[in-house]
Amino acid sequence: MGRLPAVTDADFDRVVASAPTPVLVEFWKPGCGHCRALTAELEQLQADVDGRVRVVTMNVEENFQIPAELEVASLPALALYRDGLFERFIGGLGTRDAILKELQLTAEAD
């Protein structure tokens, strides 16, 4: 189980815009138990979606611009980007299978 790459306000646009696949961003903060649980699910999910979705994390205590632009109000939060543009939020707390279903990748992941 590998660690997920982190993005910052400074490199966010470059990372998201240059991604050849959709990007799923987890917004989290240290000390958030639900965030840690979701990160563990996302680490498992990364193996399922490798090459089809890029999963990254953003610490909202260190990065303010992107979370403010999206009006992230509760943590953890998951945002899906396609072609460099925000598409939608995905329920912030979920299991690997629930997130796969939200991403509409279940048929491909089976």
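**Exercise 1. Work out the strand order of the open sheet and find which strands stand at its edges.**

Step 1: Read across the open sheet of four strands, and you get β2-β1-β3-β4, with mixed pairing. Strands here are DSSP runs (E, at least two residues) and helices are too (H or I, at least four), numbered from the N terminus; two strands pair if DSSP finds at least two bridges between them.

Step 2: Look for strands with a single partner. Those are β2 (54-59) and β4 (85-90), so each has one side left without a neighbour in the sheet. From one strand to the next, the twist averages 30°.

A note on the model: it's predicted, so local features need pLDDT of at least 70 and side-chain atom pairs count only at 80 or more, while totals for chains, interfaces and linings use all residues. Residues are numbered from 1 along each chain as its sequence is written, and side-chain values use heavy atoms, leaving out hydrogens and water.

**Exercise 2. Describe how β3 is joined to β4.**

Step 1: Strand β3 (residues 77-82) runs antiparallel to β4, with five bridges joining them.

Step 2: Pick out a facing pair: tyrosine 81 is opposite phenylalanine 86 in β4.

**Exercise 3. Place alanine 47 and decide: buried or exposed?**

Step 1: Alanine 47 belongs to helix α2. Helix α2 (residues 33-49) lies across β1, β2 and β3, at about 165° to β1 (axes are lines fitted to C-alpha atoms, for helices over the stretch in contact; angles run from 0 to 180 degrees between N-to-C directions; contact means heavy atoms within 4.5 Å).

Step 2: Alanine 47 has 64% relative accessibility, so it counts as exposed (over 50%; buried is under 20%, partly exposed in between, with a 1.4 Å probe and protein chains only).
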